[in-house]
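Got the viewer running? Load the model below and follow along, one selection at a time.

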Amino acid sequence: LLGRNSWRRYNFSLRNPGEMIPDDDNNATSFNLYSVSVEENSSRTPIPYVSPPGVQRQLFQVSNGQNALQNEQALAMQVCGLEDGDAKGVFKTLGMDLRKFKEMKMFIHAEGVDGGTPLHDGDVRAFIRLGSDFVSNYYEYEIPLKVTASGTHNADLIWPEANRMVLNLEKLVQVKSDRNHSGQSYAIPYIVQDEGGNYIKIVGNPNLGDVKMAMLGVMNPQKKPGDILDDGAKKCTEVWFNELRLSNMDETGGYAALAKVDLQMADVGTVKVSGSMHTAGYGNIDQRINQRAKDNFSQFDVSTSINAGKFAPKSWGLQLPVFAGYSQTVSNPKYDPYDLDIKFADKVQRYSGKARDSVKKAAQDFTSIKSLNFQNVRLMPAASGKTKKPWDLQNFDFSYAYSQTFKHNPLLEKDQL
């Protein structure tokens with residue numbers, strides 16, 4: 001995920017959320033993007049590149065059956081002259097559904113730049129943005145960075161514990177839910193600090209069910225009045241990002257059932273009943289976890305085909321084929337269809353009475369079909385020896401068909417045919 005060739009520089013302003021204007025300060029702020037690796041930068045000064053703790057280089061096969069170690073590397077950003085309150089970043093397209101994962105992790109390293117203003121812990125922050133865009137709808141997670149001292153060679157100090165991002169994705173959703181019920185405008189950035197001292201920012205209405213883009217960047221936080229630890233000066237730093245990954249996959253399973261009954265009633269007719277269901281989390285053995293069902297689904301079908309003429313006197317010769325059927329399909333989503341990363345059960349808990357019933361109905365995908373057919377109804381009395389006339393009733397038959405389809409879903413309030 002952190003190959004240099006898959007990330008692009010973001011050339012618009014990040015100072016004012018909501019304003020997508022070309023960055024006029026490109027010349028004033030130096031911003032370089034490159035990669036650092038074990039094979040090319042292990043002797044680098046003042047801090048050599050080493051693999052993060054626990055990361056092992058993978059083997060790959062070369063010619064003649066020989067194996068070699070792959071070149072483990074990280075994405076590096078070098079920023080100088082970064083003004084107070086400004087940020088620089090790189091981005092890539094994702095198009096991923098992250099709802100099945102609980103955490104996103106990454107190793108981060110920060111150091112000062114030779115000849116620049118001395119850098120202290122917390123002077124700059126690393127951030128990641130996830131959303132459909134980087135202006136109006138995104139989650140942002142900010143980590144105040146611990147600076148590695150020049151001359152350090154220890155991997156645990158080059159990649160300090162304080163800089164190891166462990167982003168709880170459920171926490172993002174919880175903060176957004178709290179913001180939604182606080183009444184605050186979606187256009188205003190909503191910022192909270194988590195228990196680890198890191199910052200969560202919500203803008204607009206992003207969702208983890210369809211993350212179109214991701215951004216990594218470096219920020220010089222805006223100086224707050226009375227903050228004596230922030231000098232408000234421009235900053236120079238080099239930051240490495242490594243091993244961006246998803247972890248703690250939700251492997252909660254589901255179950256499914258299928259039933260079918262066919263009833264033959266002698267020569268009168270047949271009755272057929274069938275039904276099926278599955279719960280959220282159910283999937284075939286060949287499906288990936290992200291392909292498993294995300295709804296609680298049920299379906300049943302009842303139909304009968306009988307010759308009702310059997311119940312009339314035989315002398316009438318009544319032929320009365322009747323078909324009647326009813327089918328119903330119901331799908332209740334696991335996630336709110338209007339907010340794809342909030343679990344629907346959590347949303348419903350905030351309502352009661354008729355309001356709760358209304359919310360449930362609005363989210364449900366429901367379809368029912370009713371049908372009733374009379375096909376070729378006619379009289380065929382036994383031969384009586386009388387001369388048949390063209391207008392005799394037995395020379396005519398009658399057919400009638402009725403069908404009604406009713407449906408509603410999150411995008412359709414009512415559809416009846």
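Start with the disulfide and color its two sulfurs. The torsion about the S-S bond of cysteine 80 and cysteine 236 is about 65°, so this disulfide is right-handed. Cysteine 80 sits in strand β5 (residues 73–82) and cysteine 236 in strand β14 (residues 235–249), so the bond ties together parts that are 156 residues apart in sequence. The S to S distance is 2.0 Å, and the count of disulfides comes to one. Switch on a surface and the two ends part ways: cysteine 80 is partly exposed at 29% relative accessible area, while cysteine 236 is buried at 9%.

Now zoom out to the whole chain. Keep in mind that this is a predicted model. Secondary structure comes to five helices and 22 strands. The C-alpha atoms fill a box of roughly 120 × 65 × 35 Å along the principal axes. A compact globule of 417 residues would have a radius of gyration near 22 Å, but here the value is 33 Å. Of those 417 residues, 38% count as buried. If you like contact maps, take the contacts between residues at least 6 apart in sequence: 72% of them join residues at least 24 apart.

Next stop, the salt bridges; the structure holds 17. Select arginine 129 and glutamate 140, whose side chains meet at 2.3 Å, N to O. Arginine 129 is in strand β8 and glutamate 140 in strand β9, so the pair ties together parts 11 residues apart in sequence. Are these two partners buried or exposed? Arginine 129 is buried, with a relative accessible area of 4%, and glutamate 140 is buried too, at 0%.

Move on to aspartate 339 and lysine 176, where the closest N and O atoms are 2.6 Å apart. Aspartate 339 is in the loop between β19 (321–333) and α4 (344–348), lysine 176 is in helix α3 (residues 169–182), and 163 residues separate them. Both aspartate 339 and lysine 176 are buried. Then widen the selection to Arg125, Arg129, Glu140, Glu142 and Lys201: salt bridges with shared partners join them into one network.

For a salt bridge with another setting, pick aspartate 121 and lysine 146, at 3.5 Å, N to O. Aspartate 121 is in the loop between β7 (101–112) and β8 (125–131), and lysine 146 in the loop between β9 (138–144) and α2 (155–158), so they tie together parts 25 residues apart in sequence. Aspartate 121 is partly exposed at 47%, and lysine 146 is partly exposed at 39%.

Two loop residues are worth a click. Aspartate 86 lies between β5 and β6 (87–96) and is buried, with 2% relative accessibility. Leaving out residues up to four places away in sequence, aspartate 86 touches Arg15, Val218, Met219 and Asn220. Glutamine 58, in the loop between α1 (38–41) and β3 (59–61), is exposed at 52%. With the same sequence neighbors left out, glutamine 58 touches Ala68, Leu69 and Gln70. Glutamine 58 and glutamine 70 have their C-alpha atoms 5.5 Å apart, with their positions 12 residues apart in sequence.

Finish on the surface. Select Val261, Val273, Phe300 and Val302: they form a nonpolar patch with about 290 Å² of accessible area together. Valine 273 belongs to strand β16 (residues 269–278) and is partly exposed at 37%. Over the whole protein, the accessible surface comes to about 23,300 Å², and 52% of that belongs to carbon and sulfur atoms.

How values were computed
Residues are numbered from 1 along each chain as its sequence is written. This is a predicted model: local features need pLDDT of at least 70, side-chain atom pairs count only at pLDDT 80 or more; totals for chains, interfaces and linings use all residues. Side-chain values use heavy atoms; hydrogens and water are left out. A disulfide is a pair of cysteine sulfur atoms within 2.5 Å. Helices (H or I, at least four residues) and strands (E, at least two) are DSSP runs, numbered from the N terminus. Buried means under 20% relative accessible area, exposed over 50%, partly exposed in between (1.4 Å probe, protein chains only). Patches are made of residues with over 30% relative accessible area and no salt bridge: like charges are joined within 9 Å, nonpolar side chains (Val, Leu, Ile, Met, Phe, Trp, Tyr) within 5 Å. Accessible areas come from the Shrake-Rupley method with a 1.4 Å probe; for residues, only the protein chains shown count as cover. A salt bridge is a side-chain nitrogen of Lys or Arg within 4 Å of a carboxyl oxygen of Asp or Glu. Contact means heavy atoms within 4.5 Å. The radius of gyration is taken over C-alpha atoms; the globule rule is 2.2 Å times the number of residues to the power 0.38.
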